[in-house]
Amino acid sequence: MAREALIERNTKETQIRLQLNIDGTGSSDIDTGIGFFDHMLTLLAKHGRFGLVVEAKGDTYVDAHHTVEDIGLALGQALVKALGDKASIERYGDAWVPMDEALTQVVIDLSGRPYLVFQGEWSTPVLGGNFETELVEDFFQALAMSAAMNLHVRNLYGRNTHHIIESMFKATGRALRKAVTINPDIQGVNSTKGLI
């Protein structure tokens, strides 16, 4: 059965159409109106080997916050829908990703229990003209909550803000790929509770 989902989220602040194919090839078509964020979502899809299409219109004349947060919510909802009962998935995933001088670790548990631990700091407040870097944590918070995942994003070090954030999105893609991988040796759900 195809592990795919389509999420449409329409509010007075944003209009989002997001398609996710968990078993994709890493191809994506992203248009959020926020160039730097498009770049980050493209990297997440590529390194997670997901098919991802995002069409978003938001009140970016205010700032990028509503668009970024709502895309995080939609992506989490798409993961939940595409994974269904989560039978035979690995459930856990981790990745270390360097980006030049920056190094980030991401660890994921698709546990059904939402929690975010985020460690990252940068000196540049805005990238690409309209992406406030504090929104990175807001995106991961929205993703963790709506996907009901335990998500740890930890930047160990780095100087360049672009590199730090890029390593976070790449590592998240790679960790998610591990977590959603089907293992035929896992019978049913990978939990003694019988439900995740």
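## Two sheets and the helices that pack on them

Helix α1 (residues 35–48) and helix α4 pack at an angle of about 35 degrees, and their axes lie 7 Å apart. Their crossing is right-handed. Keep in mind as you look around that this is a predicted model. Here is a tour of the two helices, then of the sheets beside them.

**Where α1 meets α4**

- On the α1 side, the contact is made by Phe 36, Phe 37, His 39, Met 40, Leu 41, Leu 43, Leu 44, His 47 and Gly 48.
- On the α4 side, the residues taking part include His 162, Ile 165, Glu 166, Phe 169 and Lys 170, along with Arg 174 and Arg 177.
- As a reading aid, an α-helix has 3.6 residues a turn, so residues three or four places apart point the same way.

**Helix α4 itself**

- With 20 residues, α4 reaches 29 Å from its first C-alpha to its last, close to the 28 Å expected at 1.5 Å a residue.
- α4 is mostly covered, with 17 of its 20 residues buried.
- Asn 160 caps the N-terminal end of α4, placing a side-chain oxygen 2.9 Å from the backbone nitrogen of His 162.

**The sheet with β5, β6, β10 and β7**

- This open sheet of 4 strands follows the order β5-β6-β10-β7, and its pairing is mixed.
- Its edge strands are β5 (92–99) and β7 (115–119), each of which pairs on one side only.
- On average, neighbouring strands here are turned by 10 degrees against each other, direction ignored.
- Strand β6 (residues 102–109) pairs with strand β10 (residues 150–157) in the antiparallel sense over 7 bridges, and Ile 108 stands opposite Leu 151 in β10.
- Helix α3 (residues 135–147) packs on the sheet, where it touches β7 and β10, and its direction makes about 160 degrees with that of β7.
- Helix α4 (residues 161–180) also packs on this sheet, touching β5, β6, β7 and β10, with its direction at about 150 degrees to that of β5.

**The sheet with β1, β2, β4 and β3**

- A further open sheet of 4 strands has the order β1-β2-β4-β3, again with mixed pairing.
- β1 (4–10) and β3 (28–31) are at the edges with a single partner strand each, so one side of each has no neighbour in the sheet.
- Neighbouring strands of this sheet are turned by 5 degrees against each other on average, direction ignored.
- β3 and strand β4 (residues 51–58) run parallel, joined by 4 bridges, and Asp 29 stands opposite Val 53 in β4.
- α1 lies across β3 and β4, running at about 160 degrees to β3.
- Helix α2 (residues 65–83) packs on the sheet too, touching β1, β2 (14–21) and β4, and its direction makes about 35 degrees with that of β2.

Note on methods
Residues are numbered from 1 along each chain as its sequence is written. This is a predicted model: local features need pLDDT of at least 70, side-chain atom pairs count only at pLDDT 80 or more; totals for chains, interfaces and linings use all residues. Side-chain values use heavy atoms; hydrogens and water are left out. Two strands pair if DSSP finds at least two bridges between them. Axes are lines fitted to C-alpha atoms, for helices over the stretch in contact, and angles run from 0 to 180 degrees between N-to-C directions. Contact means heavy atoms within 4.5 Å. The expected span of a helix is 1.5 Å times one less than its number of residues. Buried means under 20% relative accessible area, exposed over 50%, partly exposed in between (1.4 Å probe, protein chains only). A polar contact is a pair of N or O atoms within 3.5 Å; within protein, one must be able to donate a hydrogen and the other to accept it, and residues adjacent in sequence count only if both atoms are side-chain atoms. A crossing is left-handed if the near helix is turned anticlockwise from the far one by less than a right angle, and right-handed if clockwise.
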